[in-house]
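Open the model in your viewer and show it as a cartoon. Keep the selection tool at hand for this short tour.

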Amino acid sequence: MVKRIYLAAPFEWIDRMKGYAVELRALGFEVTSLWLDEQTEGTNLTDADGSTQVDKTELAIGYAIRDIRNILASDTLVEFNPGKALVRNTRLAEFGGALFLGKQCIVIGPENPKHKNRIDTIFVLLEDGTMPDDLKAAGIKPVKHFDTWGDFLEAAVLESGQKNGFATA
């Protein structure tokens, strides 16, 4: 059952993710993505040309440790696929880590229909019907896909049953 959710998204979507976190918390879910609250202006590790600022290595290590702990505290990871080539790919490492730890991984998007054939990691293809039995036996769960945030939110509320006075069909 979905209770504790980690939101993994491109860094430039931080404001959008903060809004989604507010929605989830209002529905009684815990959001474990502390990067949404702790990440502030001037802490971005990527230059305008897409290169990583190597002088911020200690900061990056701290982010990595924080993110791993936040993922371990979740029972579900929601990865947002922007439908474009990689610039900053931390969410892909988060996705893989959660997948291999046996967390339920969910992919939302790409929301643009023109980008439906684009994937940002081969692991998103491990859904029901493609997951080998030995990986299932190892505790890895098939990846679930939703076209939009609204589709996911509706399914999460239905799956969780009655939450905060919301009755489900």
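Select β4, residues 104-108. Five of its five residues are buried (under 20% relative accessible area, 1.4 Å probe, protein chains only), so β4 is largely enclosed by the rest of the structure. Strands here are DSSP E runs of at least two residues, and helices are H or I runs of at least four, numbered from the N terminus. This is a predicted model, where local features need pLDDT of at least 70, side-chain atom pairs count only at pLDDT 80 or more, and totals for chains, interfaces and linings use all residues. Residues are numbered from 1 along each chain as its sequence is written, and side-chain values use heavy atoms, leaving out hydrogens and water.

Show the side chains of β4. Q104, I106 and I108 point one way. C105 and V107 point the other way.

Next, add β3, residues 76-80. Five bridges join β3 to β4, and the two run parallel; strands pair if DSSP finds at least two bridges between them. Find V78 opposite I106, then F80 with its bridge partner I108.

Turn to β5. β4 and β5 pair in the parallel sense over three bridges. V107 has H145 as its bridge partner.

Now show the whole sheet. It is open, with five strands in the order β2-β1-β3-β4-β5. The edge strands are β2 (30-31) and β5 (144-146), each pairing on one side only.

Add helix α4, residues 90-100. It touches β1, β3 and β4 (contact means heavy atoms within 4.5 Å).

Finish at L24. Which residues does L24 touch, beyond those up to four places away in sequence? They are I5, L7, F29, V31, W149, F152 and L153.

Technical notes:
Axes are lines fitted to C-alpha atoms, for helices over the stretch in contact, and angles run from 0 to 180 degrees between N-to-C directions. Buried means under 20% relative accessible area, exposed over 50%, partly exposed in between (1.4 Å probe, protein chains only).
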